[in-house]
Amino acid sequence: MSAKERTIQVAVIGAGAIGEAHLQGFQSHPAARVVALAETNEERARTACEKYGVPEAVSDYRDLLKRDDLDAVSIALPNYLHAPVARDALDAGKHVMLDKPFATNARDAARVLDAARRKKVVFMVGQNQRFPPERQKLKNLVAAGKLGEVYHAEAFWLRRAGIPRIGSWFTQKQFAGGGCAYDIGVHMLDLCLHLIGDFDAAAVSGRTFAKFGPRGLGNGGWGRSEIDPQAKFDVEDFAVALIKMRSGRTVLLRASWAAHMLERSAENVILYGTEAGATINPPQLILPGPKDYRAVPVPAGRPTVNPERMAHFVDCILGRAEPYVKPEESLRVQRILDALYRSSETGREVRIRAE
Ligand SMILES: NC(=O)c1ccc[n+]([C@@H]2O[C@H](COP(=O)([O-])OP(=O)(O)OC[C@H]3O[C@@H](n4cnc5c(N)ncnc54)[C@H](O)[C@@H]3O)[C@@H](O)[C@H]2O)c1
């Protein structure tokens with residue numbers, strides 16, 4: 001059988017809230033087969049195996065990595081496990097889809113990237129917000145110069161009460177690394193930099209706040225992992241950053257898990273160009289007209305890559321597509337978020353070294 005016709009055998013590591021989306025995603029690709037999952041919670045493992053017809057579950061993911069018949073793993077674990085598990089999988093020669101955020105710090109992320117380069121396998125951070133067809137189309141329009149020079153952009157994801165369950169790993173720094181910036185800020189920041197085609201940040205000035213979680217307010221209910229009622233809420237529930245790109249353009253990032261606001265959730269990327277503007281919600285161009293401005297919807301059209309990220313990952317393994325999320329880009333996003341936290345701690349603008 002040629003490489004292009006073979007079945008790609010995958011294991012999903014972590015069968016919590018988003019692990020289920022990974023399982024569904026692989027089902028959408030005819031050449032993919034989930035042959036095992038790794039999950040420490042037995043009941044969750046059993047339920048997922050039954051629901052998705054997965055033949056085997058183990059509690060220790062390292063048992064999977066020994067298998068020669070396994071091509072790839074898809075990691076849906078708490079953030080602190082991202083880098084170590086991804087490295088183990090890459091060292092074992094597996095292709096890796098790693099859910100966001102890349103890691104809990106840029107140093108660990110860089111080590112994962114090194115491992116991926118050494119093994120020459122497909123490695124991708126699962127930035128699914130890039131994939132909807134209208135966003136792929138908008139990316140192409142921006143790259144074709146439709147907006148002129150994009151000199152400023154704003155990226156935000158603000159939730160009114162969206163802390164993913166107070167007391168879970170999400171709200172403890174030792175397991176999550178950070179709060180809303182790592183959880184949802186990372187999505188909009190990554191999407192924004194992808195749309196403008198510029199990940200090269202020079203300096204970040206940021207501030208984080210924790211005004212709701214420590215009072216037990218703002219609970220959202222996402223996630224399946226265990227709750228520790230005694231755990232201290234020690235991550236942020238609001239973050240803001242001004243990012244100065246080396247090109248001279250600026251990006252303003254805001255993220256909240258909890259805030260007094262009318263909408264339950266507000267998320268957008270707004271691009272300001274010399275010839276036109278654009279937003280992702282709704283997907284539209286904002287064009288000057290002879291009398292007034294007009295909004296022109298961005299059509300879905302034919303997407304550049306499969307809009308289902310897991311199917312795209314399989315296409316990449318089969319050599320049918322190039323990774324739509326480059327690990328070098330994800331490392332740069334991680335560096336910006338690290339700089340945001342450092343800036344908040346020090347009260348100073350943090351410079352990012354040129355590469
Ligand atoms: N791309 C997205 O839109 C998106 C959305 C939500 C979450 N996420 C990311 O996905 C990851 C998982 O989030 P979630 O919401 O599914 O969390 P979750 O708490 O619901 O699930 C995590 C699962 O990992 C299991 N687990 C923990 N340690 C393990 C180990 N050593 N081996 C095997 N299994 C282990 C837990 O038992 C749990 O079932 C996080 O990093 C989160 O940031 C991404």
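**Exercise 1.** Work out how the residues of the shell around the ligand divide into nonpolar, polar and charged.

*Solution.* Start with the classes: Ala, Val, Leu, Ile, Met, Phe, Trp, Tyr, Cys and Pro count as nonpolar, Asp, Glu, Lys and Arg as charged, and the others, Gly among them, as polar. Sorted that way, the shell has eleven nonpolar, ten polar and six charged residues. Before going on, note that this is a predicted model, where local features need pLDDT of at least 70, side-chain atom pairs count only at pLDDT 80 or more, and totals for chains, interfaces and linings use all residues. Numbering runs from 1 along each chain as its sequence is written.

Next, pick out who comes nearest: of the 27 residues around the ligand, that's Gly14, Gly16, Ala17, Ile18 and Ser225. Being near here takes a C-beta atom, placed from the backbone, within 6 Å of the molecule.

**Exercise 2.** Find which helix gives the most to the shell around the ligand.

*Solution.* Helices are DSSP runs (H or I, at least four residues), as are strands (E, at least two), numbered from the N terminus. Helix H1, residues 17-27, comes out on top with three residues.

**Exercise 3.** Put the strands of the open sheet in order and say which stand at the edges.

*Solution.* Strands pair if DSSP finds at least two bridges between them. The order is E3-E2-E1-E4-E5-E6, with parallel pairing. Strand E3 (57-58) and strand E6 (123-126) each have a single partner strand, so one side of each is left without a neighbour in the sheet. E2 (residues 32-38) joins E3 over two parallel bridges, and Leu37 stands opposite Ala57 in E3.
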